[in-house]
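Okay, thanks everyone. I'd like to walk you through some helix geometry today, so have a look at this one.

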Amino acid sequence: MKRFYYDKDAQVGFLKRKTVGVIGYGNQGRAQALNLRDSGLEVIIGVRADDTKRQAKSDGFDVFSIREAAEKAQVVLLLIPDEVMPEVFQKQVLPGLSKGKAVCFASGYNVAFKLIKPPKGVDVVMAAPRMIGAGVRQRYMEKKGFPSFIGVHQDATGNALKTVLAIAKGIGSTKSGAMLLSFEQEAELDLFTEQAFGPAFGQVLLSAIQTLIDAGYPVEAVMVELILSGEFAYSMQKIVEMGFFPQMELHSHTSQYGSMTRSVRYMNPQIAQGMRDVLEEIRSGAFAREWEAEQEAGLPVFQQIKEMRNQHPIAEWERKTRRAFRIY
Ligand code: NDP
């Protein structure tokens with residue numbers, strides 16, 4: 001099987017005579033449903049809350065309960081939060097999943113960590129955008145693509161790949177490229193970004209802010225210098241567009257010399273070791289088990305961390321800086 005798939009490799013028409021049921025109408029649900037319909041597919045929505053039903057109806061969709069939508073659709077897209085998915089799947093989706101249907105996930109998590117065990121006889125596929133829902137819709141409207149990871153976990157009909165490619169093209173991803181990965185690879189990469197790269201970067205930022213504030217620099221100057229001016233975000237965007245090293249040419253020679261000569265001081269083998277440990281916890285399933293136990297216990301640690309987060313002075317520093325520089 002190939003690794004990368006583009007528009008020319010996928011046929012939305014493969015799903016022409018089928019009904020696509022989008023379960024959930026939030027970040028991804030709304031964006032994917034609108035894109036699939038604009039790509040010519042018949043899309044129905046399955047949701048629980050009345051407000052969400054009203055919104056989907058006002059967007060022109062036929063809206064059902066989750067159970068009814070899973071019964072009516074031949075291709076079921078599960079676009080609800082990962083942590084509620086196993087129960088909703090078991091009670092409301094599974095009864096409608098008769099032989100020959102397809103179920104599509106936007107994240108490999110629940111299948112990879114065996115929190116959902118789909119029945120035999122159905123295709124189990126994944127179309128996981130590397131893009132937030134608002135971007136999925138916006139880039140579709142702009143006729144631009146966005147990368148996604150696609151996967152086939154179970155090919156009961158022999159057509160699972162064609163189905164997921166039709167979805168990937170229908171939501172607008174194959175304009176950029178859809179890459180074939182296993183559900184496990186997708187879930188592990190996603191969790192690693194959340195648990196290694198994200199927090200390590202966050203700690204670096206907080207250390208830099210604290211160092212400067214402790215050294216007596218005004219809070220507003222520190223916050224605008226490091227993050228709130230948007231200069232850093234702009235440089236990140238330039239990394240995407242130009243590349244990590246080429247974008248350095250956009251910075252002054254003083255900046256380039258200083259950052260290149262000092263970067264070795266932050267080469268800390270403990271960081272890489274911490275990241276390898278995190279990856280091992282993810283791959284062994286230890287994290288998924290821990291998170292499941294935390295939810296069953298009523299989220300005590302989660303609540304504690306949120307409270308600690310609320311006590312950190314950074315929110316006040318940000319408020320002051322936004323007011324001073326009129327950054328809204
Ligand atoms: P959202 O949090 O936006 O999902 C909201 C929807 O889920 C609403 O329609 C809500 O229904 C419904 N929902 C929430 N709880 C329940 C429940 N207990 N029972 C029934 N329905 C419920 O999800 P996302 O769009 O963020 O994520 C969906 C999937 O996409 C996940 O697998 C996620 O990993 C994946 N993904 C998300 C990305 C993102 O940008 N957020 C990026 C790539 C993949 P109601 O309104 O009725 O309460």
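I'll take one helix by itself and then two helix pairs.

Quick housekeeping: this is a predicted model, where local features need pLDDT of at least 70, side-chain atom pairs count only at pLDDT 80 or more, and totals for chains, interfaces and linings use all residues. Residues are numbered from 1 along each chain as its sequence is written, and side-chain values use heavy atoms, with hydrogens and water left out.

So, helix 8, residues 183–214; helices here are DSSP runs of H or I, at least four residues, numbered from the N terminus. Around Thr193 there's a kink of about 35°, the bend being the angle between axes fitted to the seven residues ending there and the seven starting there. Its buried residues (under 20% relative accessible area, 1.4 Å probe, protein chains only) include Phe183, Glu186, Glu188 and Ile213. Just after helix 8, Gly216 has a positive phi of about 100°.

What does helix 8 pack against at about 150°? That's helix 9, residues 219–228, with the axes 10 Å apart; axes are lines fitted to C-alpha atoms over the stretch in contact, and angles run from 0 to 180 degrees between N-to-C directions. The pair is therefore roughly antiparallel, which takes an angle over 145 degrees. On the contact list (heavy atoms within 4.5 Å), Leu205 and Ile209 are among the helix 8 residues, and Val222 and Leu226 among those of helix 9.

Now helix 1, residues 27–38, and helix 6, residues 133–141: their axes come within 7 Å and cross at roughly 20°. These two are therefore roughly parallel, the word for angles under 35 degrees. Residues meeting there include Asn27 and Asp38 in helix 1, and Arg137 and Tyr140 in helix 6.

How values were computed. Expected span 1.5 Å × (residues − 1). Buried < 20%, exposed > 50% of the residue type's maximum accessible area, 1.4 Å probe, protein only. Parallel < 35°, antiparallel > 145°, perpendicular 65-115°, else oblique.
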